[in-house]
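Got the viewer open? Grab the mouse and let's take a walk, one selection at a time.

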Amino acid sequence: MAPRLLTYRLLLVTSLVHFALLATAAPLLVHQVEELAAPQAPTLQRRQGAFTSVTGITEFGIQPRLEIRQLEQNADQWNIYLLGLARFQAMNQTEKMSYYQIAGIHGRPYVPWDGVQPEPGVDSPGYCTHVSNLFLPWHRPYLALYEQTLYLHIVDAVNDFPAGAVRQRYAEAALSWRAPYWDWAAVPSAGQSIYPTSVTTPTVDVQMPNGTTTIPNPLYAYEFHPVNAGDFYFDPFSSWNVTMRYPTSWDDNATSQNSLIGPILDNSRVSFQDRLYNLFTNYNNFTEFGNEAWMGPGVSNADSLESIHDAIHSITGNNGHMTYLDYSAFDPIFWLHHAMIDRCFTMWQAIYNNSYVEPMAAIEQTYTIKFGQDMNENSPLNPFHTDPNGDLWTAATVRSTRTFGYTYADLGNGSVSAVKAAVNSLYGNSAGSGGLSKRATNVHTAVNREVPGAANPDGTAPEEVVDGKHREYLANIVSQKFALNGSFAVYVLMGEFEDTPLAWPLSPALVGTHAVFAALSGMDAASDPQFRRRRDGSPIQVTGTMPLTSMLLAKVEAGELPCMDPETVVPYLTDNLHWRIGPVCSASAPTLPIVTMLTFTQFDGTQVPAEDVADLTISVVSAEVQPACAKDEFPQWGDFTVLTSVTQGKPGGCA
C-alpha cells in the first residue's frame, strides 16, 4: 500500500473513532442560504498514487447500503451525505477525482481516465458496457469509485465541525454510511410516490458548523461550472449549465419538471414490480438475467435487468440527461438508480450463485472494447484499477460486494431461503397487494397468487387457479437497439384509451412502458454505421417483456373478462392489446462540433409508426405457474407457449 494512502487511512480511522476525546463544540449559529465551497485539492490527492485504487469503503467493516428514504430517516447520516455530495459536486472539473470527471467515465466526453487509453482507432463511445455480459460487473467498481470518493468529502465535511459532541455524533454516523439506492419497484407507503421527494426540491436545509443553512439540493441536479460545449457535442446538452429531468423544452432556458415524473413512474410501477419478480423467480442464467441482447428465436421469456434499467433511465430523464447513455451519469439520480440495479444483481447472485459471466463476443463497442472481442469473467473492467501499480478489476474479482465494503440488508443471513423470502415480501406474494401489484388509481385490483393450504391457508383461491396453477401472460418486445436516433419508448396499453402521445404515459389503460436506452448519434438507423452492428454485420437487437397478467386480472375483477383461460384471453387480447412508439427526440446528422436538433419531440411528444421501428416484433406468450408453497420459496414456471394470433398481421406484430 502506498505510504501516503496508508497514512491517510490511519488518520481517517483516528479522526473518526476518537472524537469522543475531543473538546466540547462551540455553539452553533444561525446561517443564511449559501453555496458550499469546493474542497482543497490536497485532500483528494491523498487517495491517489500512480493509478487510483478503487477500493470502496473498507476501513470500518461491511456496512449495508440503505434505500434512500430509509437513509433520510437517519438525520445525521442524511446531513453528512448532503454536505459531502455538495462538496463533491463543487470540485474543480479539471481534477481527475471530481464529480465531473468520474461521471464522464460512463459516456461523454470520450477521454481517457486514470491513464487507460482507448483501443487503437477507437474514439467513442465511453467506457461503460451495455448489451454485454459485463454490464452488471462493470458498474460495480464504478459505483465503488463514486462511493469511496464521496466518502472522502463526507469525512472532510465532518471534520469541518468544531471538536466536540456534534462532530463526534457525525463521525459515528459516518462509520456506517454507504451510498443509498432508490427502490422504484416496491409498493410505496400510502399516498406516496415511488419517486423520492428528496430528489425533487431545488434546495435543501442542512446543518453546518455555523447553523442551519439552505443550499442547492445536490440530489436535484448537478450544476456544471462551466458546461463545456466540446465535451457534450449535441445541443442542448452542450449549452445547458445544469442537468435536466423532463425539460420544458430543448431551449437554452429550459427548466426541469420534476413534479411530472412521479405520476408517470407511478403509472408504470406495477410493470416494474412484476418484471422484477419474474426475473428473480424465473431466470437462473446470468447472461439472460443481466443483459438485454436478443438471444434469438426460441427464447420465449426475454426480459433482463438491463431492460428494466433502460425504462427507469428513459422515463426519469424524459428527454433530459438521464434519458441518454452519454449524459446520464451527470444526473445525481443515476447513482441511486444504479445502486438499485446493483442491489438486484446482488440478491439474484445469492439465489443463483452457480451462474455468472459466460464467455461472449462483444456486441457493442466501448472505449476499450472492440466489436467481436471475446469477453469473459477475467476481462478487465476498464478503467478501474485495483492498486496503484495498474492492475485492473475483472468480473471475477468484483463478484462479491464485500470486496468493496458493503452489503444489502435484504440478503439477511445470506441464505437462499432468506433472500427468496425478502423477494416475496418486497415484490411478490407478500408485497402488500396479494402478489400482483395495485396501482394508486385502483386500476389493478389486488389478487392473491397463493392457494389455500399453502403460504396463505386462510385465503381463498383466486378464480384463475386451476389444478393448483395459474396462468401468466407476457408481451415480448424485440427491436434494434438503434432503431431510432437515441432512446425511445414502447407504450403497451389494454382496452380503450385516449390515443394521443401526451396521454399514453398516464393512461389508466397503460400496462407499462418499455424503453430502449441509447446514445444520440448524428446518423439514423438506416445509415447503419459500423458501431451499431455486430461482428457479422447484423444489427444489434435488444428485448424486454411486459407482464400482462396484472391488468388482465383487473379486467376480470371489473367484469370485462370472464376468466383467465387462454380460450377467453387470446381473443380479448387480439381486440384490446395495443402498442404505441414514441421517440425521445429526432436529430439531424452532425456536421459541426455542436449539433442543433432540428425536430423536438419528447418521450410523450410524437408517435412513430411501428413500421418505422427497425425489427420491431411484439409477441404474446403464456405459461402455467405453480404458486409457492412457503414464504421462502418461489413459484414454479412451466414452459411458454407463443400466442401468435394475438399480434399477427399487425404493424410490429408477429409475422
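**First stop: a serine inside**

Pick Ser271: at 1% relative accessibility, this residue counts as buried. Ser271 belongs to helix α9, which covers residues 258-282. Now show what surrounds it. Setting aside neighbours within four places in sequence, Ser271 touches Val511, Gly512, Thr513 and Met546. Keep in mind as you click around that this is a predicted model.

**Two crossing helices**

Next, select residues 75-89 (helix α4) and residues 165-175 (helix α7). Their axes come within 9 Å and cross at roughly 85°, so α4 is roughly perpendicular to α7. Which residues of α4 and α7 meet here? On the α4 side, show Asp76, Gln77, Asn79 and Ile80; on the α7 side, show Arg169, Tyr170, Ala173 and Ala174. Colour them by class and you'll get 4 nonpolar, 2 polar and 2 charged residues.

Stay with Ala174 and add Val155: the C-alpha atoms of these two are separated by 7.3 Å, with their positions 19 residues apart along the chain. Val155 sits in helix α6, residues 135-159. Is Val155 buried or exposed? Buried, with a relative accessible area of 2%.

**Charges over rings**

Select Arg65 and Tyr406 together. Arg65 lies over the face of Tyr406, at 3.5 Å from the ring centre. Then jump to Lys96 and Trp113, where the charged end of the lysine sits over the ring, 5.7 Å from its centre. If you like aromatics, there's plenty to browse: the count comes to 44 aromatic pairs.

**Backbone oddities**

Switch to a backbone view and go to Arg108 and Pro109, which are joined by a cis peptide bond with omega of about 25°. Pro109 is in the loop between α5 (99-103) and α6. In that loop between α5 and α6 you can also pick out Val131. Val131 has a positive phi of about 50°, although it isn't a glycine. It counts as buried too, at 1% relative accessibility.

Where is the other cis proline on this tour, Pro226? Look in the loop between β3 (211-216) and α8 (229-232). The cis bond there links His225 to Pro226, and omega is about 0°.

Last selection: Tyr246, in the loop between α8 and α9. Its phi is near 45°, a positive value in a residue other than glycine. Tyr246 is buried, with a relative accessible area of 6%.

Technical notes:
Residues are numbered from 1 along each chain as its sequence is written. This is a predicted model: local features need pLDDT of at least 70, side-chain atom pairs count only at pLDDT 80 or more; totals for chains, interfaces and linings use all residues. Side-chain values use heavy atoms; hydrogens and water are left out. Helices (H or I, at least four residues) and strands (E, at least two) are DSSP runs, numbered from the N terminus. Buried means under 20% relative accessible area, exposed over 50%, partly exposed in between (1.4 Å probe, protein chains only). Axes are lines fitted to C-alpha atoms, for helices over the stretch in contact, and angles run from 0 to 180 degrees between N-to-C directions. Angles under 35 degrees count as roughly parallel, over 145 as roughly antiparallel, 65 to 115 as roughly perpendicular and the rest as oblique. Contact means heavy atoms within 4.5 Å. Ala, Val, Leu, Ile, Met, Phe, Trp, Tyr, Cys and Pro count as nonpolar, Asp, Glu, Lys and Arg as charged, and the others, Gly among them, as polar. Rings of Phe, Tyr and Trp (its six-membered ring) pair if their centres lie within 6.5 Å; planes under 30 degrees apart count as stacked, over 60 as edge-to-face and the rest as tilted. A charge sits over a ring if NZ of Lys or CZ of Arg is within 6 Å of the ring centre and within 35 degrees of the ring normal.
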